2 protein chains.
Amino acid sequence: MAHALSLHHRLSHADAPTDSDRTERAIAQSEAVCRSKGARLTPIRRRVLEALHGVDGPLGAYDLVDLLGSQGRRMAPITIYRALDFLIEQELVHRLASRNAYIASSGTVAGARTTAFLICDGCGDVNEIASPDVAETVLKVLRDQGYQPRTKVLEITGRCARCQDVH
Amino acid sequence: MAHALSLHHRLSHADAPTDSDRTERAIAQSEAVCRSKGARLTPIRRRVLEALHGVDGPLGAYDLVDLLGSQGRRMAPITIYRALDFLIEQELVHRLASRNAYIASSGTVAGARTTAFLICDGCGDVNEIASPDVAETVLKVLRDQGYQPRTKVLEITGRCARCQDVH
DNA sequence: TTATTTATGTAGTGTTATAACCTATATGAA
DNA sequence: TTCATATAGGTTATAACACTACATAAATAA
Ligand SMILES: [Zn+2]
Ligand SMILES: [Zn+2]
Ligand SMILES: [Zn+2]
Ligand SMILES: [Zn+2]
């Protein structure tokens, strides 16, 4: 039942790691960002970020424990969570609350004021987009309500084009 | 530290239960909705829905376990989750993924195509709004991307007017 | 250097959600 | 009514996700 697979399960079925050149570029850029802010992209944090860039989709915290543990000494969950906290703080990673999962910020929308994640209920694919229109209307609503936005990230669930027919 | 209050804690400090007449009306309306759809609003489901309508804000699943357990026989978590699944299915309740919490759909926006929840990082207040503009732009993006929306609910975190100064 | 801060290691626990299996109740057809 | 089927709930156990508390190590500042 493909639609009920846990992150854990899906990981083992995941697409092959995307182009490692792209990952390297993303890491290099992240290092620059951290240096400019005086933040320390330590080896652990870097490995977590690399892992997230190295897969096509979100990973759960325990997926990262397993993934990084398989290529060296196993880290405790709290170690992963601490690295994730840092990366989220630096806006290099997003937490997908609706999936209890974490995803590397795509370089293409970095700097965008508001990003939205389209999350497919079917295959779990996550599509990060920067829509100025959505950003604007959301900000307008927030202003009307007197809200000062902190998270400008929207998670929208639905079914991607490929998964429309199923169920 | 007001900003780290658990749902549990906030529950005990919560505003007095809102007007029980309002709750009763909401339940009556929910019953009608279920009847018309051939869905069964059983006593357990009804009690969960009443509890959610009876408080001002979201409740965690285990808050519901405690709350309903205190007024009768304690139910197992799975029982609460099953009731919540039903109520969410009927769109009588929303799950706030970013808070791991559940909130009764407000009657005022019932029937709206897209609702947005403004969740305050400070006080935890949740404001359910129906913004046609946001709904429209979100749907446009979804259409452009070939997504068929299922959840038309957006969770936007920020800081409400009262909590702007803090931190 | 020493003091201070920041990062990580380690153990245990807390919190949220579901699996598996069984029983009871409701509903519909014969 | 009786039987078949579907739906709801009971019970136990466990999976999955996240953090507290405290010790140690490494980096940075004084
Ligand atoms: Zn499958
Ligand atoms: Zn899909
Ligand atoms: Zn208090
Ligand atoms: Zn607030």
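**Contacts of a predicted protein model with two DNA strands**

Q: How far is a phosphate oxygen of DNA strand D from an N or O atom in the side chain of T42(B)?
A: This is a predicted model, in which local features need pLDDT of at least 70 and side-chain atom pairs count only at pLDDT 80 or more, while totals for chains, interfaces and linings use all residues. Residues are numbered from 1 along each chain as its sequence is written, chains are lettered from A and ligands numbered from 1 in the order written, and side-chain values use heavy atoms, leaving out hydrogens and water. A polar contact is a pair of N or O atoms within 3.5 Å; within protein, one must be able to donate a hydrogen and the other to accept it, and residues adjacent in sequence count only if both atoms are side-chain atoms. For T42(B) and the phosphate oxygen of strand D, the distance is 2.5 Å.

Q: Which part of DNA strand D lies 2.9 Å from an N or O atom in the side chain of Y62(A)?
A: T42(B) has a phosphate oxygen of strand D as its partner. For Y62(A), the partner atom in strand D is a base nitrogen.

Q: Which elements give two or more residues to the surface near DNA strand D?
A: Elements here are DSSP runs numbered from the N terminus: helices are H or I with at least four residues, strands are E with at least two. Both chains contribute, and the elements are α5 (77-89) of chain A with α3 (43-54) and α5 (77-89) of chain B.

Q: Which of the 17 residues around DNA strand D come nearest?
A: A residue is near a strand if one of its heavy atoms lies within 4 Å of it. Around strand D, those that come nearest are Y62(A), R95(A), T42(B), R73(B) and R82(B).

Q: How many residues of the surface near DNA strand D are charged?
A: Asp, Glu, Lys and Arg count as charged; Ala, Val, Leu, Ile, Met, Phe, Trp, Tyr, Cys and Pro as nonpolar; the others, Gly among them, as polar. Near strand D there are 7 nonpolar and 3 polar residues. The number of charged residues is 7.

Q: Which residue stands opposite R95(A) in β2(A)?
A: The side chain of R95(A) has an N or O atom 2.6 Å from a phosphate oxygen of DNA strand D. Two strands pair if DSSP finds at least two bridges between them, and 4 bridges join the antiparallel strands β1 (residues 93-96) and β2 (residues 101-104) of chain A. In β2(A), the residue opposite R95(A) is Y102(A).

Q: Which residue in the turn between β1(A) and β2(A) has a positive phi of about 50°?
A: These two strands form a hairpin with 4 residues between them. The residue with the positive phi is N100(A).

Q: How many aromatic pairs are there over all chains?
A: Rings of Phe, Tyr and Trp (its six-membered ring) pair if their centres lie within 6.5 Å; planes under 30 degrees apart count as stacked, over 60 as edge-to-face and the rest as tilted. Over all chains, the count is 2.

Q: What is the angle between the planes of Y62(A) and Y81(A)?
A: The ring centres of Y62(A) and Y81(A) are 6.5 Å apart, and the pair is edge-to-face. Y62(A) is in helix α4 (residues 61-69) and Y81(A) in helix α5 of chain A, 19 residues apart. The angle between their planes is 70°.

Q: Why does the pair of Y62(B) and Y81(B) count as edge-to-face?
A: The ring centres are 6.4 Å apart. The pair is edge-to-face because the planes stand at 70°.

Q: What is the relative accessible area of Y81(B)?
A: Buried means under 20% relative accessible area, exposed over 50%, and partly exposed in between (1.4 Å probe, protein chains only). Y81(B) counts as partly exposed, and its value is 30%.

Q: Over the ring of which residue does the charged end of R45(B) sit?
A: A charge sits over a ring if NZ of Lys or CZ of Arg is within 6 Å of the ring centre and within 35 degrees of the ring normal. In chain A, R45(A) lies over the face of F86(A), 3.9 Å from the ring centre. In chain B, R45(B) is 3.9 Å from the ring centre of F86(B).

Q: Which element gives the largest share of the surface near DNA strand C?
A: Of the 16 residues around strand C, T42(A), R73(A), R82(A), Y62(B) and R95(B) come nearest. At least two residues each come from α3 (43-54) and α5 of chain A and from α5 of chain B. The largest share, 3 residues, belongs to α5(A).
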